[in-house]
Amino acid sequence: MIAVYGGGTIGEALTAGLVAAGHTDVTVINRRAERSAYFRETYGVRSSEEPADGAADIVFIAVKPYAVTGVLRGLAPHLAEGATVVSLAAGVTLAQLAGAAPGAQVIRVMPNTPMLARMGMCAIAPAPGVDTAAVEELLQAVGETVVVEEKDMDAVTALSGSSPAYVYLFAEALVDAGVARGLSRTVASKLAIQSIRGAGEMLAGTKAPTQLRYDVTSPGGTTAAALRALEDGGLRSAVFSAVDACAERNRELGKTD
Ligand SMILES: NC(=O)c1ccc[n+]([C@@H]2O[C@H](COP(=O)([O-])OP(=O)(O)OC[C@H]3O[C@@H](n4cnc5c(N)ncnc54)[C@H](OP(=O)(O)O)[C@@H]3O)[C@@H](O)[C@H]2O)c1
């Protein structure tokens with residue numbers, strides 16, 4: 001059986017994906033009875049406010065980072081022998097997880113919110129010797145997975161955990177720039193969002209980003225003029241700084257957790 005502890009944004013996205021992928025053996029644990037009722041009615045899963053003894057082979061922890069170790073200490077006596085505990089919380093280390101649930105197989109995952117659209121990116125860092133195959137398969141219900149070492153989690157957070165927000169900011173700026181050029185906000189939004197979506201699909205193909213950019217940049221043309229302005233504005237250097245700032249903040253949060 002699979003348990004999801006904490007039915008918030010990420011817990012619900014994961015549950016929805018698992019159910020859609022045909023997993024019927026899912027239990028969601030909430031702290032509020034009305035939330036449990038919502039999960040039963042919406043997804044047809046089992047749901048309660050108390051973990052069942054020894055019932056789950058894999059437990060996903062999807063509460064806020066500050067609550068993870070406390071939740072896990074309460075859960076530990078109910079875990080089956082050799083159960084796998086998967087934390088989806090930012091900044092909570094494998095050592096903290098192992099300390100709160102001695103004997104469990106612990107795995108740390110950095111998800112991102114496009115998992116709500118089943119287009120998520122989950123980076124999976126297992127404790128030494130822990131097999132990730134079953135967890136990879138489950139998380140593929142909400143997008144793509146990659147296995148990394150825990151030391152890379154700060155960089156992972158900057159590349160996938162937080163990066164959807166960088167794209168949203170770019171989209172917002174593009175829409176505002178269109179409005180400044182006289183387009184209605186409705187038309188500007190449609191043009192910007194569909195272009196970003198389409199570019200995302202192109203990027204998911206086999207061509208590298210540089211090649212895709214070459215393909216749309218005619219010598220002396222309009223795109224070349226725009227790209228020159230983006231380079232003058234320091235886009236590339238701003239992205240490097242954003243990734244450094246995000247990774248550093250994740251490292252700091254991990255230290256204080
Ligand atoms: N959202 C993101 O973009 C994102 C990205 C990467 C990683 N994450 C990680 O995903 C985790 C969940 O984030 P979220 O955005 O889904 O948060 P959220 O929407 O606030 O959901 C947290 C859920 O956990 C429940 N909860 C809190 N304390 C609990 C406890 N002691 N016992 C049982 N349930 C408890 C909350 O219940 P109540 O409703 O009663 O408060 C809520 O349903 C976080 O650790 C975060 O670091 C999130």
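In the predicted model, an oxygen atom of the ligand lies 2.5 Å from a polar backbone atom of V63. Two further backbone approaches of this kind accompany the one at V63: an oxygen atom of the ligand is 2.8 Å from a polar backbone atom of I10, and an oxygen atom of the ligand is found 3.0 Å from a polar backbone atom of A90. The ligand, taken alone, exposes 900 Å², of which 77% is buried by the protein. I10, V63 and A90 are, together with R31 and R32, the residues that come nearest to the ligand among the 19 around it. The shell that these residues belong to is made up of 11 nonpolar, five polar and three charged residues, and the pocket in which the ligand sits is the second largest.

Charge pairing was examined across the whole structure, where the search finds 10 salt bridges. One of the salt bridges is formed between R108 and E150, whose closest N and O atoms are 2.7 Å apart. Because R108 lies in strand β6 (residues 105–110), whereas E150 belongs to the loop between β8 (143–147) and α6 (153–161), the pair ties together parts that are 42 residues apart in sequence. In general, side chains of opposite charge can pair when their charged atoms come close.

Conventions. Residues numbered from 1 in each chain as written. Predicted model: local features only at pLDDT ≥ 70, side-chain atom pairs only at ≥ 80, totals over all residues. Heavy atoms only, no water. Near = heavy atom within 4 Å. Polar contact = N/O pair within 3.5 Å; in protein donor to acceptor, adjacent residues only side chain to side chain. Areas by Shrake-Rupley, 256 points an atom, 1.4 Å probe, with all protein chains shown as cover. 1 Å grid on protein atoms, 1.4 Å probe; cavity = no way out; pocket = protein on both sides within 12 Å on 5 of 7 lines; lining within 4 Å. Sits in = over half its atoms within 2 Å of the grid points. Nonpolar A, V, L, I, M, F, W, Y, C, P; charged D, E, K, R; others polar. Salt bridge = Lys/Arg side-chain N within 4 Å of Asp/Glu carboxyl O. Helix = DSSP H or I, 4+ residues; strand = E, 2+ residues; numbered from the N terminus.
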